[in-house]
Each structure stands twice: as structure tokens, then as C-alpha cells.
Amino acid sequence: MALPGDDLLDSVFSDFLIRPKIFKNREVLRHDFVPAHLPHREEHIRHLGGILAPALRGSRSSNVFIYGKPGTGKTAVVRYVLSRLVQKGQDMGGSVRGCYVNCRVAGTDYRVLASLCEAVGISVPFTGLAKGEVFDRFRAALDARRVLLVGVFDEVDALVRGQGDAVLYELTRINEGLRAGKFSIIGISNDLRFKEFLDPRVLSSLSEEEVVFRPYTAVELRDILLERARLAFVEGALSEGVLNLCAALDAAEQGDARRALDLLRVAAELAEREGKPCVVEEHVRQAQEKIEQDRVVEVMRTLPLHSKLVLFSVYLMKKADVSGAVTGNIYEVYRELCGQLAVEVLTQRRVSGLISELDMIGLLTARVVSFGRYGRTKKVYLSVPRGVVRNVLAEDNWVGRLISYEPKCLSRGE
DNA sequence: CGTCCACAGGAATGACGGGCGG
DNA sequence: CCGCCCGTCATTCCTGTGGACG
């Protein structure tokens, strides 16, 4: 039985289907996709393979520390080598296993340990157990099941910053208490200065081997994009200059392959939506804007109430667009907003912290300035267009009510 | 020069909701 | 169900500080 909606959707679907096809396989542009071939990283792959190979003979492989800026292929290389290692191990009937943990995503010691437990086949609750307990279970299972585990700690700097290096230290020493199982660590960090934060003992055992990944050059990026584009797009969907532009725009920033791939994918999606048969340079430029915009909107939507209120306070201080708002004034406005909404007021210390957080995620720009005799504070600017802030905050159940509010503390003189 | 403003931002501590094992 | 530990967010208390003013 035909509902009215059916015709509607039918036309949407069929419109889509008769449009020129751009993508052959869009999966290969996602950044968790690990390609079968990683251009310009053959050396690193061979090297890492050599380091891990002893695991196939039942020996513990050396711990490795890998440095490099984001999007330089660290994660891809490690995942690639690890999966091949595990595969080979299975073929040979051994029990080599790998465990990939992104420490920033995991966030805490506990969840990292939980991931390791999962990798050796035991399950632990999301939370509730003492860390030591989880650690013991992990060690016991590792030994009992005679597993050779390679643990990859991606963005390990985030873990140490948040939690300290105690767990890392324990993990580097875990082999001392093992008879049958073996554990080795691959640490990955974006931050080259990270070493300085580490306990020297942890550092020395963790970096038995060290590998540094250099950023890709524009030429290398182009090769990478070309390789993926062959898999991702139908013949002729890319105009000549598009790849070069993506590579060049990105290389100008950081040489981050992940972002270059995103750029290409989004540009292609824009072209597809417009019903164009191929991607042109204009799409790439639009994509650049769209990526930034989407990121900002998403971050803003998921902000906790008080962070939104702080952001909103800065938004309401219109004249601050040029001269910058100051912590004390922001706090005044913020308090007034809390009053209007009848929500509890956080302390200035906390609000100061929230401002810094908003600065870190790029919604505000804050820098400390000194007015000498008149104190020292942070000058704060919106780093997002006012319209975007307005639109997103207006959606909020609480903040939205005050979207056109005029704070009293702003109208009575300076 | 020293003073002293208006905060920055570190450290310790606490309240709270969730989840254990016994 | 209890006592305990967890992570998160917030408060309290604190010491530190760039530079205009006197």
C-alpha cells in the first residue's frame, strides 16, 4: 500500500541513482581504513616488522616508541604491521595477539587496562574494580593462556598527562612476573617533548627502539591521495588539479595525511550532492570551510550547560569582538545568566578553567595580558563567527531562551 | 625603584553516581 | 545490602606575576 511518503522518497532515491557516479568505494577514504599499501612508509614498515618478528618465534619483541606529528602514518603503519604479524602468528599456530588502544579515547588507566584484558580474552566491568585488581587479572590471564601480546598505546602522551606514568611503569615490568606469557609495548606519541614528562626508568624500557615519522611532503601526500583516489573514485571523477590542491593545502599546514584525505572525501561528497560528474577545485575550497564548520558546530552542541553559558556570555558582550572580554566581566555576565535561568553559579576559578577549555577546543581565543597597575587577566575573543554561535546556542533548551537577552551589567556604565 | 591590582593556574579536598566483591 | 573504589566535576585555598602607577 502506497503512502504519500513513498513517492516522495522514491524520487529522492531515483534522483540519486541517475546522478553521475563519483564514488566507487568511499570506505577507503575513511581514516580508520588501513590500506594494503602505504606509500613512502616502506622503510618504517620493514623496520617495525623486523623489531616485532621475534614474537613469531615465541620471544618477547622489543618495546618501541614511535614519534611523529598527526597524520604521518604512525597509526596506519603500526596497525598494518601488527595485523600482518598476528595473521602470520595464526598461520604458524602460535598465540601472538595484538591490542590497539587509543589512550586519548580510552582516557584513563582503568580503561586501558580493560582493553588489554579484553585482548587476552577476559572481560572486566566498565568501572568499579580497583586498578590493581584489573592489572592482576590481566597478568594472570596473559600467563595462563600463554599469550604473546603486543600492546599498542596510541597517543600515549594523553594518558601520561592525565594519569601519570605509573601504569606504564607497571606494564614495562610485567614480564618479570610471567612464566609463559609475554608482553611488549608499542607507544605512539604526537608530542616530541613527551619524553621529558616520563620517568627515566619508564622511558628507557619503553624506548628500547625508537622510530620517528617525518611529516609528508606535498609530493608524498599527492602520491597517497592518488593511490586512494584510484580505489575510491570512478574513472574521470577527479579533475587534474584537485589532488594537487588537496595535497598543497594540507602540506601548507602540517602534512597531515588524514586531513588531506578528509578534504578529498568531503569535496567529493559536495560534488556528488550537486549532481556534478566530477570534483573540481572549488569543491575543495568549500570542503575546507565545511570541515571546520562541522567540527565547530558539533563541539558546541555537546558542550555542558555551564560551558555554553560562558561561551554565550562572551557572545553577548558584543563590543568584546574588537577589544576582547576580560575574565571578570565575563563572570559578571555569566552570573546574571545563571540568575535568569535559576541554575547554580560556579566559582570564578571554575569559570576561568572553562574559558581555558573553550580556548583549547578553539571556540574562544584567550591570552593573558597585564594592565600593570590594573591587574592581570585574560583577554577573550570569540574565534567562531557570531552567527554560528547564535544558531547553535539557540537550539539549546536552556540557553536558547535567552538568545536575545541584554545583560544589565553591560548597560550600566563601564 | 617597590607596590599592588586582578586575576592565572596548581594542589588538595569533597560530593556524587556507578559498580564491584563478599 | 555494605563498604570500598572508581572517575568526574567542582570548591577552597593558595602562591605567582607583568607592568602601570606613585
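**Entry 1: Lys378 and strand B**

I started at Lys378, where an N or O atom in the side chain sits 3.2 Å from a phosphate oxygen of DNA strand B. A note to self before going on: this is a predicted model.

Next I looked for base contacts on strand B. Arg349 puts a polar side-chain atom 2.8 Å from a base oxygen of DNA strand B. Gly372 reaches a base oxygen of that strand too, with a polar backbone atom at 2.9 Å.

**Entry 2: the surroundings of strand B**

I pulled up the residues around DNA strand B and got 19, with Pro125, Thr327, Arg349, Gly372 and Gly375 coming nearest. On the DNA side, sugar and phosphate make up 71% of the strand B atoms that come within 4 Å of the protein.

Which elements each supply at least two residues of the surface near DNA strand B? I found α16 (327-341), α17 (348-360) and β8 (376-382). The largest share is from α17, with 4 residues. Sorted by class, I have 9 polar, 5 nonpolar and 5 charged residues near strand B.

**Entry 3: over to strand C**

I ran the same lookup on DNA strand C. It is surrounded by 18 residues, and the closest are Thr347, Arg350, Ser370, Gly372 and Arg376. Sugar and phosphate account for 75% of the strand C atoms within 4 Å of the protein.

Then I went through individual polar contacts. The side chain of Thr347 has an N or O atom 2.7 Å from a phosphate oxygen of DNA strand C. For Arg376, I noted a side-chain N or O atom 3.4 Å from a sugar or linking oxygen of strand C. Gly372 turns up again here: a polar backbone atom of this residue is 3.0 Å from a base nitrogen of DNA strand C.

For the surface near DNA strand C, I wrote down α5 (109-119) and α17 as each giving at least two residues. The class count there is 7 nonpolar, 5 polar and 6 charged.

**Entry 4: α13 against α18**

Last, I checked a helix pair. Helix α13 (residues 281-301) packs on helix α18 (residues 386-394) at an angle of about 40 degrees, and their axes are 10 Å apart. Why do I call α13 oblique to α18? Because of that angle, α13 counts as oblique to α18. I logged the crossing of α13 past α18 as right-handed.

From α13, the contact uses Gln293, Val296, Val297, Met300 and Arg301; from α18, Val388, Val389 and Val392. By class, I get 6 nonpolar, 1 polar and 1 charged residues in this contact of α13 with α18.

Notes:
Residues are numbered from 1 along each chain as its sequence is written. Chains are lettered from A and ligands numbered from 1 in the order in which they are written. This is a predicted model: local features need pLDDT of at least 70, side-chain atom pairs count only at pLDDT 80 or more; totals for chains, interfaces and linings use all residues. Side-chain values use heavy atoms; hydrogens and water are left out. A residue is near a molecule or strand if one of its heavy atoms lies within 4 Å of it. A polar contact is a pair of N or O atoms within 3.5 Å; within protein, one must be able to donate a hydrogen and the other to accept it, and residues adjacent in sequence count only if both atoms are side-chain atoms. Ala, Val, Leu, Ile, Met, Phe, Trp, Tyr, Cys and Pro count as nonpolar, Asp, Glu, Lys and Arg as charged, and the others, Gly among them, as polar. Axes are lines fitted to C-alpha atoms, for helices over the stretch in contact, and angles run from 0 to 180 degrees between N-to-C directions. Angles under 35 degrees count as roughly parallel, over 145 as roughly antiparallel, 65 to 115 as roughly perpendicular and the rest as oblique. A crossing is left-handed if the near helix is turned anticlockwise from the far one by less than a right angle, and right-handed if clockwise. Contact means heavy atoms within 4.5 Å.
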